[in-house]
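Got your viewer open? Let's take a short walk through this model, one selection at a time.

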Amino acid sequence: MDYAHFDTSGGERQTPTAKFNRPHISKELQSLRESAFERSIPTADDETLNFIITQLRAVKPKNILELGTATGISAIAMLNTCPDAHLTTVEKNETFFEEAKRNFKCFDADMRVNAILGDAGEVIDMLKGTYDFIFMDCAKVQYIKYLPKLKKLLAHGGVLLADDILLFGWITGEAEIPPKRKMLAKHVEEYVHAVTNDSELSTTILNIGDGLALSVKL
Ligand SMILES: C[S@@+](CC[C@H](N)C(=O)[O-])C[C@H]1O[C@@H](n2cnc3c(N)ncnc32)[C@H](O)[C@@H]1O
């Protein structure tokens, strides 16, 4: 579709509603985001972050899991939104992980974060207990593989939010899938099919940012 283009600031696909959906966050966090965009560090675009914040206000989670910390921006936004929550976040890139830890300290969030350096697929096998909000924002090709374990980690009534599931319009058929990305698109399509046909989940696919799958565990 014509509106699917890249925004050079955040590198994300823009939707017609993006201009209305700006997150209300502190000046300090906004300035960290701007510096991340300038340095090409991946972080949620405005519309996605705004949606996460709005969801969190409704769900009021106590225990959040994030897969894909990068430098900790979405994690800090989530903790700022939920002052009573504890967050576990997983990142496999050591440079990002170290920067995230510094950011957590700067934003006084470090006491409420369990930051884990590792591969999300291995880490989720070791996690115990349940989470009432899971934000999956890492290797999209692995989402389908992580789903059974994440369903076990998700509390009843909890929300599993998977980012970037429309893949620049490839998944909806709005844009042609480049030959080299066919395998990635196939795995993401499998994820979308799985969550929208799972009798234990209630799922909505949202045209927000580069696409979100919002699943609630029944
Ligand atoms: C889109 S970024 C996360 C952005 C962050 N959630 C935010 O909005 O500020 C995705 C991150 O996932 C990490 N990642 C990719 N595959 C991973 C894996 N298998 N395990 C852990 N982290 C992974 C990448 O290194 C990258 O930092």
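Start by selecting Glu 91 together with the ligand: a polar atom in the side chain of Glu 91 sits 2.6 Å from one of the ligand's oxygen atoms. Keep in mind as you click around that this is a predicted model.

Next, pick Ser 74. Its side chain has a polar atom 2.8 Å from a nitrogen atom of the ligand. Then add Asp 119, where a polar side-chain atom lies 3.2 Å from a ligand nitrogen. How much of the ligand does the protein bury? On its own the ligand would expose 600 Å², and the protein buries 89% of that.

Now show everything around the ligand. You should get 21 residues, and the closest are Thr 43, Gly 68, Glu 91, Ala 120 and Asp 137. Try colouring this shell by class: 10 residues are nonpolar, 6 are polar and 5 are charged. If you switch on a pocket display, look for the largest pocket, which is the space the ligand takes up.

Last stop: salt bridges. The model has 7 of them. For one, select Arg 33 and Asp 46, whose side chains meet with 2.8 Å from N to O. Arg 33 belongs to helix 1 (residues 27-38) and Asp 46 to helix 2 (residues 46-59), so this pair, 13 residues apart, links distant parts of the chain.

Conventions: Residues are numbered from 1 along each chain as its sequence is written. This is a predicted model: local features need pLDDT of at least 70, side-chain atom pairs count only at pLDDT 80 or more; totals for chains, interfaces and linings use all residues. Side-chain values use heavy atoms; hydrogens and water are left out. A residue is near a molecule or strand if one of its heavy atoms lies within 4 Å of it. A polar contact is a pair of N or O atoms within 3.5 Å; within protein, one must be able to donate a hydrogen and the other to accept it, and residues adjacent in sequence count only if both atoms are side-chain atoms. Accessible areas come from the Shrake-Rupley method with a 1.4 Å probe; for residues, only the protein chains shown count as cover. On a 1 Å grid over the protein atoms alone, a cavity is a set of points where a 1.4 Å probe fits but cannot get out, and a pocket is an open set with protein on both sides within 12 Å along at least five of seven lines; lining residues have an atom within 4 Å of a point. A molecule sits in a cavity or pocket if more than half of its atoms lie within 2 Å of its grid points. Ala, Val, Leu, Ile, Met, Phe, Trp, Tyr, Cys and Pro count as nonpolar, Asp, Glu, Lys and Arg as charged, and the others, Gly among them, as polar. A salt bridge is a side-chain nitrogen of Lys or Arg within 4 Å of a carboxyl oxygen of Asp or Glu. Helices (H or I, at least four residues) and strands (E, at least two) are DSSP runs, numbered from the N terminus.
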